[in-house]
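Here are a few exercises to work through with the model open beside you. Try each task on your own before you read its solution.

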Amino acid sequence: MTQPTQPSPQSQPNPPSQPQRPQPQSQPAEGTKLSELLRSPGYLKTLLFCGLVGIPVSLAAFWFLAGLHELEHLVWTDLPHAAGFDAPPWWWPLPLLLVSGVCVGQIVTRFPGAGGHIPASGLHAGGPGAAALPGVVLAAVFSLPLGATLGPEAPLIALGGGLAIALRHLTGTPETPMSTVLLGAAGAAAAIAAIFGNPLIAAVLLMEVVGVGGPRLFAVMLPALLASGIGSFVFTGFGRWTGLKTGDLSLKGAGLHFPRLDTGDVLWSVLIGAALAVGVYLIQYGGRLTAVHVAARPLTVTALCGLAAGVCAAAYALGTGRSPEDVASSGQATLGQLAADPHAWGVGALVAVLLCKGAAFSLCLGSLRGGPIFPSLFLGAAAGVLCAPLPGLGVGAGLAAGMAAATVSSMRLPVSSVVMVVLVLGSTDMIPVAILSAVVAFVTIELLPPGPAIPPVGRMPAAAPPAH
């Protein structure tokens, strides 16, 4: 190491009596903050508690999903068989969704927390107070098994976050704004992992939902995501280019065949992304308008919206001869049927399910309780299968582009949407198409004007202290 030299008299007329010692190079501000945070006893205690709380939250999420599945099987399989039908008749969703609308309207107005947040406002991290959890669970029970075109992820996030915060109170863990945010996010992640069967997608989803980094995160993320997607053509291959292989750690099972990408896949994925962004925008706009009317007259309008969603499912069944459950459901089970045998759906059935399920989805977004992920995935898959015969596209690329575009347009979470599509398809071959479609859809829907503001509904719980 070189020793500090004395300053030259010519360069410094009044030299100091003591030579100046070089100052040690300081750590970056963010690194210092992280080190201080990791050394703080409060954070370490919260971290340990978050790890422990994942066990009861995951068990609660499992039994919640299992209960919803059993109720759905009872309503849509056992009861029609007991009534003498081989399958639910076309009119079956009408009384079910009317009952759903009436019951959810009562929960919204009479229970603390209004049964959870309105689905049209998107996904929210954290958890409500313990007093709001019964309303969240009941609203989901009267929405999802009875035919609401919504998924279970939003109630799961509220249930997981709320349970984690409630357990914190029982154990006497110090209550601070940071611990509340951390516990809410950790509990929500543990719960959402139960439905996807994958902790990675739960962690990525919650990071984007929490919005760490704000708009700057997405401003940096989109170019990086797009560059990695286009650059991956070097490894996946394009047209006659076979690609460069550096090793493959994936274990691919039987399923869809994904041919090598070509120019048609790229061009159509861009167009599909833009078109589905506009379609989902219209669905969400309708959901926000519905929420405005529900806020004014929650009991009456919620019941009418439930009945109208039932009309959409009944009209689909009458027009296509298929089960009304294709429309009156989250789409999770129907998505598997569509991907397994896409040719079983004619063009008329695909157009009908897009129109009817899209209308029912819009109505349920503003009135009933649930989440937007699975209906968006199904609508995107149906649109992809419908577009698959286009020159140079194909079913695999159509599914990837459609699901990525619809999901990112609904959630505004680009990375989570791409990861979900890869998880659903069980293959990484379509990552470039999914990324292109997702980025185009995200930019398109963000440039469209925002819809009506969603007013609060019902008796809201005491809000958790915000993070500073």
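Ala, Val, Leu, Ile, Met, Phe, Trp, Tyr, Cys and Pro count here as nonpolar, Asp, Glu, Lys and Arg as charged, and the others, Gly among them, as polar. Keep in mind that the model is a predicted one.

**Exercise 1. Find the residues that line the largest cavity, and sort them by class.**

Solution. Start with the search itself: rolling a probe the size of a water molecule over the atoms shows where empty space is left. In this model, 1 cavity of 30 Å³ or more turns up. The largest cavity holds about 60 Å³ of space.

Next, list its lining: Gly115, Gly116, His117, Val136, Ala154, Pro155, Ala158, Arg369 and Gly370. Sorted by class, this lining has 4 nonpolar, 4 polar and 1 charged residues.

Finally, ask which element gives the most to the lining. That is helix H5 (residues 153-171), with 3 residues.

**Exercise 2. Describe the surroundings of Ser143, and decide whether Ser143 is buried or exposed.**

Solution. First place the residue: Ser143 belongs to helix H4 (residues 133-143). Then check its accessibility. Buried means under 20% relative accessible area, and Ser143 has 0%, so Ser143 is buried.

Now look at its neighbours. Leaving aside residues up to four places away in sequence, Ser143 touches Ser100, Val104, Ala148, Leu368 and Arg369. With Arg369 there is also a polar approach: a polar atom of the Ser143 side chain lies 3.2 Å from the backbone nitrogen of Arg369. Arg369 is also one of the residues lining the largest cavity.

**Exercise 3. Locate the salt bridges, and work out how accessible their partners are.**

Solution. The cut-off to apply is a side-chain nitrogen of Lys or Arg within 4 Å of a carboxyl oxygen of Asp or Glu. The count comes to 2 salt bridges.

Take Asp326 and Arg322 to begin with: their side chains meet at 3.0 Å, N to O. Asp326 has 5% relative accessibility and therefore counts as buried. Arg322, at 25%, is partly exposed.

Turn then to Arg412 and Glu446, whose closest N and O atoms are 3.3 Å apart. This pair links distant parts of the chain, 34 residues apart. Arg412 sits in the loop between helix H15 (395-411) and helix H16 (414-425), while Glu446 is in helix H17 (residues 431-447). Arg412 counts as partly exposed because its relative accessibility is 27%. Glu446 is partly exposed as well, at 41%.

Terms used:
Residues are numbered from 1 along each chain as its sequence is written. This is a predicted model: local features need pLDDT of at least 70, side-chain atom pairs count only at pLDDT 80 or more; totals for chains, interfaces and linings use all residues. Side-chain values use heavy atoms; hydrogens and water are left out. Buried means under 20% relative accessible area, exposed over 50%, partly exposed in between (1.4 Å probe, protein chains only). Helices (H or I, at least four residues) and strands (E, at least two) are DSSP runs, numbered from the N terminus. On a 1 Å grid over the protein atoms alone, a cavity is a set of points where a 1.4 Å probe fits but cannot get out, and a pocket is an open set with protein on both sides within 12 Å along at least five of seven lines; lining residues have an atom within 4 Å of a point. Grid points are joined across faces, edges and corners, and a volume is the space filled by probe spheres set on the points. A polar contact is a pair of N or O atoms within 3.5 Å; within protein, one must be able to donate a hydrogen and the other to accept it, and residues adjacent in sequence count only if both atoms are side-chain atoms. Contact means heavy atoms within 4.5 Å.
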